[in-house]
Structures are given as C-alpha cells and as structure tokens.
Amino acid sequence: MEELRSSPTPIKRLKVLHDIESTASGNDRIPFLPESIMLNILSYLPTKYLLQTSVLSKSFRELWTIIPRLDFDEDLFKMHRVKNKKKIQNPKFENFVSKVMRLLQDGAYDVDRFRLSWSHCDMSLVNQWIDVLGNKNLKELDLDLRRNESAEKIRYPITLPLCMFNSDSLVSLKLKLQNCELFMLPTSICLNKLKILHLEGVRFSGDDAVQKLLVGCPILETLVMVGCHIYNEKVVDISVPSLRNFTMRHIYLRSDSRIKISNLNLLVFNYTVMECNMKNNSIDRLSSLMDAYIEVLLQPGGSCSIKKILSNALDFLDSLPSFENLNKLMLTSLRQRDYFQVIAYLLQSAPSLESLVIDLVDLPCIGVVPKEEGQAVSTEFLCLETLVLNHLKEVKISSFRGIEVELEFLKLILRKANAFQKLTVIEMNDSKKRMEIKLTMSMLEKASASCTISVL
C-alpha cells in the first residue's frame, strides 16, 4: 500500500531500470549509450534530478555539467519553505540554484535553454543568475516569477539585466510575472534573432514601452500577450511585418487608450477583447489570416446593456477588413439572436472560410431579460440571405439547445453552403433533448448532398 501512495521521482525510476539492466546483463548498460543520446535524454529532466544522475555510475558524475538545458522549478522544493517575518524563503532552492550557477559561471560550455519557476522570488538573485547567462549563447529564456499576495509588495519597478534585452542568440523569451509590480524596460533593446515573445501578467512601466520592445525584435514571428497592464501608451500599435502568430487576451489599458493591429503577414490570430474597449480598437491589413479565435468579454454584474454591447461590436466589425484567406474561425457567443447577427458580419468578412466553431454560453448580465425561445426569428435580421458560403465545409457548435434562433441560423447555413461536409452539435445534458434535436436536424434542407449531421 505504501508503494501505491508514493510515486517515485524520475531519477529513482531511472536508477531502478539501470540496476535491472546491469544485474541481468552483468554490464553497466546505460553509460554505453552514445553521449549525444544520453545528453538528449537527460536534457528533459529538471536540473534537480539531473544532478542526482551522478549516483547511477561514474560516467554520469561529469555528464550533467555539459547539458545545454537548465530547468529550475521551486515546486520540487516546496517542503523546505520557511517563513521569516513577512518574507517566505526557500533556502534549499535558493542555495541549489546559486551553487549550479556558480559552477556554470566557471565553465566554458554554452546553455541553450534556461527555465526558472520561482514564487516569492528574490529579484536580486534572479538578476545575478541571468547575468551568468550573458555570455553562454542562450537561445531560450523562460521566467515564471511569482510573489505572495500577502507579502510586502515591491515599491519600485522590476528590472532585469541588460543582457536579457541585448542578445545576438536569444530566439525565445517567455516572461510571466504574477502579483509583481511594474516592469521597467532598459533604454536599449536589441533582440535581432528573437522569434517568440510570450508576456503574461507584465505591468509595463515607462512611455511607449510595448512599442519600444517590439521595435527591438525585427524578426518576431510569435507574440503572446496575456493579462498585461499597459499604462503609458495612448496607442498600442502591433505592427510587426514579420509577425505570423498573435495572441492577445485580457489586456488592461487606460480609458483613453486603444489597440491598433495591422499585420499584412499574420496567419493565426487569437483575440479576446473587453466589450468596453471594442469601439476604440482597430484591426486592418490582415489579408493573409488563415486561423482566428475571437472572444468578446462582457462587463461583470450587468453594468451595461446588451444593446450597448452589440452597438460597440457592430461598430468594431464594420471597421474590419476582408479576411480573404481565413479558413478557420472560432467564436464564443451568447445564444441570443442579436449575437448571430454579429457572427454573420464575421462570415461576410471571410469569403474563404472552411471551418466555423462556436461555443454558445448563457447570458451572464444581471437584469437583462432574454427573448422568449418561441419568438419568431427574422432571417433579414440575421443578415445571412446575401451570404455566399462556397468554401464552408464544417461547423461545430457546443452547448447547443435546439432553440429556434439556433435552428434558424443552421437552416440558413445548410441552405447556403453548397460544399458543406459535416455539422456537429453538442448537447451534453439531456439524452431526450438530443434525440429531439437529431430528428429536427435530419429534416433540414441541405444544399450539399454529402453533408452529415452529428448530435452528441
């Protein structure tokens, strides 16, 4: 029973396998693998376990020192945390990383990837460790730095070493700052080889900080911004010619600020926008876009009306360009008739669309009364009669209830999409309701004879 309750660490499992192989064959089997294969295997272990491989055999004692990846995760040291007044410390973790970084500083080999995940972090130590990497030809840097909400907050902006923002080798930079204070960028930024930039929870300090950062990344291909706060920019201009993949979710701006997205070469676009900011934002020149996910977040507590939300949404959609190459669109939508009109606007902007995925959700606003299910639906209001859907092949709708507005929407889709192949609707709660929906769907008129309909 004790064995079932405690799961062995990766290094213990590796040692058991090594002992079995050695006993069965009379040889030390693992060290006879080519060094390149052993390095590749070991590079996927957290650094804590990597150092423990020295117990396996003599040949392992120095092998860990030339592993090109370092992965430090405080979660592996959680049992050793101690509380000192207002500061929560983890001395074993801090000492372990500091010791490895001192050994690294004295070595001549390069480091391809460095990952650090640390809650209650000490920024002075973080900066010391990153400084060591300045001449190691680092390609990937992944920092997940968190602070305890109850701990005393830092009263000055967080800064990171200059070498992190002036590198001729860095290809990927991931920076997650949770419960941290303002983040101050250096005056000079030059990341000429950076292709991936992932920012989460970053609170930008300084004028035009985002713009300065993007200008310093001339060949950037993937940009992710999640939960970022941008305080001192009137216009957040995302206009990077090399950008191919862009994700922006839960961005917090000043009330008089706006986001401008203009990328001729963008292929994948994931965009979550606060409904109160939709009217001020602008999107254009996305003619190469092939895959998009767009979500509109409503203000909590019903502080705004559905009419206001839709007014902002339609103003926003009217300014959209034509997505000539978009082939997949994913949406989260309320199951209201007016919201299907918004979807129609998007369909009109994507004449080459092949796949449409809709996740229907219930009305979250307090005090707003939805329309009765049995109320007649105007096809003119849905703005779909003039649609041409020659390329649409697949539609998937989750949380489908089979109410009249949903069925009316699908009737028009099936009637317009002459190349349609598959319709999937998911109703997970009621088996009887699923049977009713399946029967209703089987009788709908279809423009495509090869269309199949699935009700799950």
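Does Leu414 count as buried or exposed, and what is its relative accessibility? Keep that in mind while you go through these notes, and remember that you're looking at a predicted model.

1. Let's settle the opening puzzle. Leu414 sits in helix α10, which covers residues 404–416. Leu414 counts as buried because its relative accessibility is 2%, and the cut-off for buried is under 20%. If you want a landmark, try Leu392: it is 22 residues away from Leu414 along the chain, and the two C-alpha atoms are 9.8 Å apart.

2. Now find helix α5, residues 91–106. Its 16 residues stretch 23 Å from the first C-alpha to the last, close to the expected 22 Å. Quite a few of its side chains are worth clicking on: the buried residues of α5 are Phe93, Glu94, Phe96, Val97, Ser98, Val100, Met101 and Leu104. As you look for a pattern among them, here's a handy rule: an α-helix has 3.6 residues a turn, so residues three or four places apart point the same way.

3. On to the strands. One open sheet has three of them, in the order β14-β16-β18, and the pairing is parallel. At the edges you'll find β14 (235–238) and β18 (282–284), each of which pairs on one side only. From one strand to the next, the twist averages 10°.

4. Stay with that sheet and zoom in on β16, residues 258–262. Three bridges pair β16 with β18 in the parallel sense. To see a bridge for yourself, pick Lys260 and look across to its partner Ser282 in β18. Ile259 also belongs to β16. With a relative accessible area of 5%, Ile259 is buried, because the cut-off is under 20%. Glu233 is 26 residues from Ile259 along the chain, and 9.5 Å separates their C-alpha atoms.

5. There's another open sheet of three strands, this time ordered β8-β11-β13, with parallel pairing. Its edge strands are β8 (183–184) and β13 (229–230); each has a single partner strand, so one side of each has no neighbour in the sheet. Strand β11 (residues 203–205) is joined to β13 by two bridges in the parallel sense. Phe204 and Ile230, the latter in β13, are bridge partners.

6. Strand β10 (residues 196–200) deserves its own stop. Its covered face holds Leu197 and Leu199, while Ile196, His198 and Glu200 are on the uncovered face. Strand β7 (residues 172–178) runs parallel to β10, and five bridges join them; Lys174 has His198 of β10 as its bridge partner. Strand β12 (residues 222–226) also pairs with β10 in the parallel sense, over five bridges. There, Glu200 is opposite Val226 of β12. As a reminder, strands of a sheet pair through backbone hydrogen bonds, either parallel or antiparallel.

7. Last, the empty spaces. How many cavities of 30 Å³ or more does the structure hold? The count is two. The second largest contains about 40 Å³ of space. Around that second largest cavity you'll find Phe269, Leu289, Ala292, Ile294, Phe323, Leu326, Leu329, Leu346 and Ala350. Sorted by type, the lining of the second largest cavity has nine nonpolar residues, no polar ones and no charged ones.

Definitions and conventions. Residues are numbered from 1 along each chain as its sequence is written. This is a predicted model: local features need pLDDT of at least 70, side-chain atom pairs count only at pLDDT 80 or more; totals for chains, interfaces and linings use all residues. Side-chain values use heavy atoms; hydrogens and water are left out. Two strands pair if DSSP finds at least two bridges between them. Helices (H or I, at least four residues) and strands (E, at least two) are DSSP runs, numbered from the N terminus. Axes are lines fitted to C-alpha atoms, for helices over the stretch in contact, and angles run from 0 to 180 degrees between N-to-C directions. On a 1 Å grid over the protein atoms alone, a cavity is a set of points where a 1.4 Å probe fits but cannot get out, and a pocket is an open set with protein on both sides within 12 Å along at least five of seven lines; lining residues have an atom within 4 Å of a point. Grid points are joined across faces, edges and corners, and a volume is the space filled by probe spheres set on the points. Ala, Val, Leu, Ile, Met, Phe, Trp, Tyr, Cys and Pro count as nonpolar, Asp, Glu, Lys and Arg as charged, and the others, Gly among them, as polar. The expected span of a helix is 1.5 Å times one less than its number of residues. Buried means under 20% relative accessible area, exposed over 50%, partly exposed in between (1.4 Å probe, protein chains only).
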